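Subject: Structure handover

Hello,

Here is the structure for your records, followed by notes on what was found in it. Please read the notes with the coordinates open.

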Amino acid sequence: MFGSFTLFGLEFSLLDLLMAALLLGTGIYCIYTAIRVRRECGFFENKLLLPGNCKPEDCADPDGFFDYIFPRILLFGIAMILCAALDFGVLCIVRMGLTGLWLYWVQLVVPFGCFAWYIVLQKNAAKRFW
């Protein structure tokens, strides 16, 4: 259904590489958001920054929120970049036949665990600052 191609002498599915690219892009976007939060110390249009259904003008303590969210969104961005590296590394290791397929579960569970952590963090921020 989807194409495959050879990279570094190993054959990869397009979906496998798309997953790694999406994780990398998410990580870069989170780090960009963290830098912008630190630089501007103000709200801006960004889906990662604000908890769901929370309006910037309703925030009770904007400075406290920025101090709370900055290190966490930076950590989430770094974790997503590391997940992308893990994803690509697992693909290479499995393609070379060096280990079993259990690593496929690792490369799925770790990013979803990071996303779940960030969702819980956003819910806590909504309770604390709105």
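A polar contact here is a pair of N or O atoms within 3.5 Å; within protein, one atom must be able to donate a hydrogen and the other to accept it. Asparagine 46 gives a case of this, since a polar atom of its side chain lies 2.8 Å from the backbone nitrogen of leucine 48. Please keep in mind that this is a predicted model.

Overall layout

The protein has three helices and two strands. Read from the N terminus, the order of elements is β-β-α-α-α. Of the 130 residues, 35% are buried. Among contacts with a separation of 6 or more, 69% are between residues 24 or more positions apart. The accessible surface is about 7,900 Å², and carbon and sulfur atoms account for 67% of that surface.

The loop between helix 1 and helix 2

Asparagine 46 sits in the loop that runs between helix 1 (14-40) and helix 2 (62-96). Is asparagine 46 buried or exposed? With a relative accessible area of 5%, asparagine 46 falls under the 20% cut-off and therefore counts as buried. Besides the approach to the backbone nitrogen of leucine 48 at 2.8 Å, the side chain of asparagine 46 makes a polar contact of 3.2 Å with the side chain of tyrosine 29. Leaving out residues up to four places away in sequence, asparagine 46 touches Tyr29 and Thr33. Threonine 33 is 13 residues from asparagine 46 along the chain, and their C-alpha atoms are separated by 7.9 Å.

Leucine 48 and glutamine 122

Leucine 48 comes up again from the side of helix 3, where glutamine 122 lies. Which backbone atom of leucine 48 lies 2.7 Å from a polar atom of the glutamine 122 side chain? The atom is the backbone oxygen of leucine 48. The backbone nitrogen of leucine 48, as noted above, is paired with the side chain of asparagine 46. Glutamine 122 has a relative accessible area of 9%, so this residue is buried. Not counting residues up to four places away in sequence, glutamine 122 touches Leu48, Leu49, Leu50, Pro51 and Ile69.

Helix 1

Valine 37 is part of helix 1. Its relative accessibility is 1%, so valine 37 counts as buried. Apart from neighbours within four places in sequence, valine 37 is in contact with Phe44, Leu49, Phe66, Ile69 and Phe70. Valine 37 and phenylalanine 70 are 33 residues apart in sequence, while their C-alpha atoms are 6.7 Å apart in space. Leu49 and Ile69 appear in the contact list of valine 37 and also in that of glutamine 122.

Helix 1 also holds a salt bridge between the side chains of glutamate 40 and arginine 36, at 2.8 Å from N to O. A search of the whole structure finds one salt bridge. The two residues both belong to helix 1 and are four residues apart, about one turn of the helix. Glutamate 40 is partly exposed because its relative accessible area of 41% lies between the 20% and 50% cut-offs. Arginine 36, at 24% relative accessibility, is also partly exposed.

Helix 3

How does the span of helix 3 agree with its number of residues? At 1.5 Å a residue, its 28 residues should span 40 Å, and the end C-alpha atoms are 41 Å apart, which agrees. The buried residues in helix 3 are Leu103, Gln107, Pro111, Cys114, Tyr118, Leu121, Gln122, Ala125 and Phe129.

A nonpolar patch on the surface is formed by Trp105, Leu108, Val109, Phe112 and Phe115, which together have about 550 Å² of accessible area. One of these, phenylalanine 115, is found in helix 3 (residues 102-129). Its relative accessible area is 31%, so phenylalanine 115 is partly exposed. That value is over the 30% needed for a residue to belong to a patch.

Regards

Definitions and conventions:
Residues are numbered from 1 along each chain as its sequence is written. This is a predicted model: local features need pLDDT of at least 70, side-chain atom pairs count only at pLDDT 80 or more; totals for chains, interfaces and linings use all residues. Side-chain values use heavy atoms; hydrogens and water are left out. Patches are made of residues with over 30% relative accessible area and no salt bridge: like charges are joined within 9 Å, nonpolar side chains (Val, Leu, Ile, Met, Phe, Trp, Tyr) within 5 Å. Accessible areas come from the Shrake-Rupley method with a 1.4 Å probe; for residues, only the protein chains shown count as cover. A salt bridge is a side-chain nitrogen of Lys or Arg within 4 Å of a carboxyl oxygen of Asp or Glu. Buried means under 20% relative accessible area, exposed over 50%, partly exposed in between (1.4 Å probe, protein chains only). The expected span of a helix is 1.5 Å times one less than its number of residues. Contact means heavy atoms within 4.5 Å.
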